[in-house]
Amino acid sequence: MLQSRKYNLYALGTVLVCLGCMGLAAALDSAARLLAAQFAAPAAGWTEDMLRRPAAAADWLTAAGALLGALLLYKGGPRASLAAGAALGAVGCMALAACHSGAYILYLIGEYLLPVGAAGLRLGGFALCMNWFVRLRGRAMGAAALGGTVYLALGAGAIGQFIATRLSGVFTPLAGGAAAALGLLALAACLLRDEPEDIGMYPDGAGTPPAGETEEELIPLGKALSQPRLWLALVCLGALAAAAAGWTAFLAPRLMARHGGGDALVVQAGPWLALGAILALPAGYLFGWLCDSLGAMNGVRVLALGEMAAAALLWAFPKELGASEGILIALCEALLIGGGPVALPCAMAQVYGRRQVFSAGRVLFPALYLAAALMGPVGALLGGGARARLYIVLLALAGVGFLLSFFLRPEKK
């Protein structure tokens, strides 16, 4: 009984730290662009190009941050990735706080460091859930992912409104507060452990190790690359990550194109997108429950079918937005931003197990972020979101992910 209470205490702390990781990571992803464009740029006279150029590199920097986080997971464990992400994010927040005076170089530092830090936080948070939970892994990840979806649903607009009304347009105190919150998060992580075995326990509070778990902890990179399942997972999960990123990135251009270049459909879609962000809150936990109950690969298949439906919706989108189309957009958004971040890491953990997932993660984690980043130039090449052929490609990517999921066997716990 004592051991069970001890596990519950650590498990609760792990989920809360992971929830904080996801919320702060979501804020870091958009903070520099949002605050600079809304407050710093008008006062300092920065041009649109001065804001656009560094923002264009954000997706690639996120992939670089995922590579750094994956290497730290392999070498030092989840808390190493979390600590590095928190440190880089805190430095970026302090640079962002100081750029309000008009120092463009400080804005660049913040813009370049924040996405790297965000990736480290996400990987560290999800890795803690992978290690501490097996039977309840999906639900733990779904609960942790609430941090990011809450920010997407409520945070971005509320932060801008708070700065404009309560801080007179000066975001320095808020950016400094974010840096302090990252420091506290890193400190809280120091009180946890990378895995329950570090304190004589096992995942889910069980009295024995998970059934079928191998003792082989780390795989050399060459051996990991020689395994067919790594390349199968890379193509399957990478295709689904790319399809989700492409849909969210090119939704607005597609709606504008369908309305003859105007933004009337984008404005009409605004309330439905807000509804979708709210629905993403239960969707993440629902996908976690689905992965726990029916297996992570079945969760991936549901995600793939939803992505196919989302791509088909935009491919054949009408020139007018009615209630039925608005509801479909909301449901697609909820599935992609709520279910995707839970189903994909759950599938990786189930295929490789706790003992080997970080070895394969040196390739898989950055590759998934890179696949999402590639949708920017690929989408521009295929018409910038305005041409239907882009959505045919997204439909094909989701279909490839769905088909390959049947060959990606969940061999590990």
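Two residues are in contact when heavy atoms of each lie within 4.5 Å. The legends below describe a predicted model.

**Figure 1. The surroundings of E195 in the predicted model.** Leaving aside neighbours within four places in sequence, E195 is in contact with N131, W132, R354 and R355. The residue is found in the loop between helix α7, which covers residues 172-190, and helix α8. E195 has a relative accessibility of 17%. Because buried means under 20% relative accessible area, E195 counts as buried.

**Figure 2. The whole protein chain.** The protein chain has 14 helices and zero strands. Its pattern, read along the sequence, is therefore one of α elements from beginning to end: α-α-α-α-α-α-α-α-α-α-α-α-α-α. The radius of gyration is 21 Å, close to the 22 Å that the globule rule gives for 413 residues, so the chain is as compact as a globular protein of that length. Along its principal axes, the C-alpha trace spans about 60 × 45 × 40 Å. Of the 413 residues, 51% count as buried. Among contacts with a separation of 6 or more, 84% join residues 24 or more positions apart.

**Figure 3. The surface and charges of the protein chain.** The accessible surface comes to about 16,800 Å². Carbon and sulfur atoms account for 70% of this area. The chain carries 27 positive and 21 negative charges, and the mean positions of these two sets are 2 Å apart.

**Figure 4. The largest nonpolar core and W46.** This core has 116 residues. Those with the most contacts inside the core are W46, Y107, L121 and W247. Helix α1, residues 2-44, gives the most to the core, with 18 residues. What does W46 touch beyond its neighbours within four places in sequence? The partners of W46 are A36, A40, A41, L51, C99, G102, A103, Y104 and Y107.

**Figure 5. L336 in helix α12.** L336 is found in helix α12, which covers residues 323-352. With a relative accessible area of 5%, L336 is buried. Residues up to four places away in sequence are not counted in the following list: L336 touches A244, W247, T248, E307 and P341. One of these partners, A244, is 92 residues away along the chain, yet the C-alpha atoms of L336 and A244 are separated by 6.0 Å. Another partner, W247, is among the residues with the most contacts inside the largest nonpolar core.

**Figure 6. Q227 in the loop between two helices.** Q227 has its place in the loop between α8 (221-226) and α9 (228-258). Is this residue buried or exposed? Q227 is buried, with a relative accessible area of 16%. Apart from neighbours within four places in sequence, Q227 is in contact with I219 and Y352.

**Figure 7. Two loop residues with positive phi.** S168 lies in the loop between α6, residues 137-166, and α7. Its phi is near 55 degrees, a positive value in a residue other than glycine. The relative accessibility of S168 is 65%, and the residue counts as exposed. D204 is placed in the loop between α7 and α8. Although D204 is not a glycine, its phi is positive, at about 65 degrees. D204 is buried, with a relative accessible area of 18%, whereas S168 is exposed.

How values were computed: Residues numbered from 1 in each chain as written. Predicted model: local features only at pLDDT ≥ 70, side-chain atom pairs only at ≥ 80, totals over all residues. Heavy atoms only, no water. Helix = DSSP H or I, 4+ residues; strand = E, 2+ residues; numbered from the N terminus. Rg over C-alpha atoms; globule rule 2.2 N^0.38 Å. Buried < 20%, exposed > 50% of the residue type's maximum accessible area, 1.4 Å probe, protein only. Areas by Shrake-Rupley, 256 points an atom, 1.4 Å probe, with all protein chains shown as cover. Lys, Arg positive; Asp, Glu negative; His and termini not counted. Charge placed at Lys NZ, Arg CZ, Asp CG, Glu CD. Core = buried A, V, L, I, M, F, W, Y, C linked by side-chain atoms within 4.5 Å.
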